[in-house]
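Subject: Structure handover

Dear colleague,

Here is the structure for your files. My notes on it follow below.

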Amino acid sequence: MGEKAVPGKKKRNIESTGYFFVAPFVIAFIIFSVYPVLRTFYLSFTDYKGFGDAALTGGVNYLRVLQDKFFWRSLWNTAKIWSVNIVLQLGLALALTIVFSDIKYKIRGLAVFRALYYLPNLIAATSVAFLFKTLLDWRYGTLNQILVGSGAVGSPVNWLGSTATAPYVISVISAWMWFGNSFIMLMAGVQGISKDYFEAAAIDGAGRMKTFTRITLPLLKPIMLYVGITSLIGGLQMFDLPFLISGGTAGNPSGSTQTVVMYLYKFGFETNQVGYASAIAYVLFIIIFLFSALQFKVMYGRKKGGN
Amino acid sequence: MAAKAKKSILYIILILLAVICLMPFALMMVNATRSGSEIVHSFTLIPSNALAQNWETVSGYFDLFKGILNSLIVSVPATLLSSYFSAMAAYGLVMYKFKGNKFISGVIIIFMMIPGQLSMIGFYDLITKMHMIDTYWPLILPAIAAPGTVFFLRQYCEGALQPALIEAARMDGAKEIYIFHKIILPLMSPGIATMAIGAFIGSWNSYLIPLILLNTPEKFTLPVMIASLNASTDITANQGAIYLAVAISVIPILIVFAFCSKYIIGSISAGGVKE
């Protein structure tokens, strides 16, 4: 029975080798993730300029953010661009999900369509931005050539130069980039729904509309919420596309495409008001964190409550 | 008959949508072969013969192959580091009951909710202090700590690994790290591949962080290089050259997608199937 003590001791040694396995991750995590988050928090209470000394200024930066109408404008722009995008993106994804999950139509080629619809999401935002910037050019762009040539519009539309169109052009491009992603997630959700439900509904004589509103939609609701909130969290950090399409942090025309992260970038890396930029980051941080917590609650809270 | 007609209309709409997804790429490829004046005057899907001329214009501004090489120098090591160390951490968290295990798992979840982009001020400050501005290290090393990947692989481990298997290997006297390398990694490889492709594409397409960290044009990664087109106003006079530059930047990702689309779509579906 002397043997029994040995495995026990050995067992404890084995369990502590876990530290060895997680150590690289934990060390890199503390340096590159935890420290920057805390450092940004500290800087948000200082007048740091990116060099020299940083003097503590209390909550001055935060008061300034709350009173800064350009900050609120950038938040409004971001929300506006995102909202139009999510309606298009999720609406299209939902429509496609209904079509592909219909047991009577039996649409084929899901794998091919799915891949094609997803393709725009893979391309770097920089490439997408330049592609559309060139295609949508007021005077020389291909889109205006098509529209004017076919007589759809009388004179070229200044897509990116007018405040009435520029933010929404970005919404449409974002939706174009992301609807395939949403579609794949919704489709995965539908494939998780047992076919029996649909067959039972068909036997009971439920029409297409009824099947959709009574079965598909309720069962997809959690996933739609997940997709929506994930998109909102990403959307609030929108930078590449509006920055490159409008050609800088000013968000031309007339600041209508200036997003929060563009505004933050302007102070952090152009005018060197690093302390103020940090406070902007934290205000956005808090907004995003609230949405993330909501999402987490939606995704995992219910499951825990059920058990 | 009516149902058949409806079905045909649906197919036409689906195909039309696919065309909308592909059209900008098709126009890009075609326009890359046309001269500036041709593009300005009309549009067509028939390629022209200005490819060589456009290429000359592009290479006059920057070395795209250098950009691709730079992007590879960043993305390949970042992908390998994130795959290896995330698998290691995930395995460690699942298989060993050490003190602090639960705490680390909790912190990972919290940090998944904190958007990394927003701590870029603190990150830039850190990199400045480490004297790593204008180097590739800050683009590569942080890949070691990828909370999202660890989270995914941890769930994967819980489903795919059997403790009995590991016990058996221990009985045979195998060292823990040997078990990880020879038994666990191969078992986890489908999950790792899924995450690796995502990590590679994310790193390859990343713009904001390289933009703030890299100063020397020769060191620019591909997206930063493409975006610097903005500054060089002469090139905007030649649209064909822009299309060609963008086309070249897109091709590597299209190749990856052609071979790995199953994994990519699988990884997104995994996000959709939440019990």
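How many helices and strands are there in chain B? Chain B has 14 helices and zero strands, where helices (H or I, at least four residues) and strands (E, at least two) are DSSP runs numbered from the N terminus. Chain A has 12 helices and, again, zero strands.

This is a predicted model, in which local features need pLDDT of at least 70, side-chain atom pairs count only at pLDDT 80 or more, and totals for chains, interfaces and linings use all residues. Residues are numbered from 1 along each chain as its sequence is written, while chains are lettered from A and ligands numbered from 1 in the order in which they are written.

Confidence

The predictor gives an ipTM of 0.87 and a pTM of 0.88 for the complex. The mean pLDDT (the predictor's confidence in each residue, from 0 to 100) of chain B is 87, and 95% of its residues score at least 70. Within chain B, helix α13 (residues 233–236) has the lowest confidence, with a mean of 58, and helix α7 (residues 137–140) the highest, at 96.

Overall dimensions

The C-alpha trace of chain A spans about 90 × 70 × 30 Å along its principal axes; that of chain B spans about 75 × 70 × 35 Å. Chain A has a radius of gyration of 25 Å, against near 19 Å for a compact globule of 307 residues. For chain B the value is 24 Å, where a compact globule of 275 residues would have one near 19 Å. The radius is taken over C-alpha atoms, and the globule rule is 2.2 Å times the number of residues to the power 0.38.

In chain A, 43% of the 307 residues are buried; in chain B, 41% of the 275. A residue is buried if 20 or more other C-beta atoms lie within 10 Å of its own, exposed if 12 or fewer, and partly exposed in between, with C-beta atoms placed from the backbone.

Interface

On chain A, 78 residues are in contact (C-beta atoms, placed from the backbone, within 7 Å) with 71 residues of chain B. Helix α1 (residues 2–43) of chain A gives the most to this side of chain A, with 21 residues. The side divides into 55 nonpolar, 18 polar and five charged residues. Here Ala, Val, Leu, Ile, Met, Phe, Trp, Tyr, Cys and Pro count as nonpolar, Asp, Glu, Lys and Arg as charged, and the others, Gly among them, as polar.

Ala281(A) belongs to helix α12 (residues 274–306) of chain A. Ala281(A) is buried, because 28 other C-beta atoms lie within 10 Å. Beyond its neighbours within four places in sequence, Ala281(A) is in contact with Thr40(A) and Leu264(A), and also with Leu118(B) and Ile121(B).

Core

The largest nonpolar core (buried Ala, Val, Leu, Ile, Met, Phe, Trp, Tyr and Cys residues joined through C-beta atoms within 7 Å) has 149 residues, of which Val128(A), Ile280(A), Tyr91(B), Leu153(B) and Val246(B) touch the most other members. Helix α7 (residues 166–192) of chain A supplies the largest share of this core, 15 residues. Leaving aside neighbours within four places in sequence, Ile280(A) is in contact with Val65(A), Phe71(A), Tyr263(A), Leu264(A) and Phe267(A).

Helix α3 of chain B

In helix α3 (residues 51–61) of chain B, Asn54(B), Thr57(B) and Val58(B) are buried. Seen down the axis of α3(B), the buried residues fall within an arc of 95°, so they line one face of the helix; the arc is that of the directions from the helix axis to the C-beta atoms. Ala52(B), Glu56(B) and Gly60(B), on the other side of α3(B), are exposed.

Regards

Conventions:
Two residues are in contact if their C-beta atoms, placed from the backbone, lie within 7 Å.
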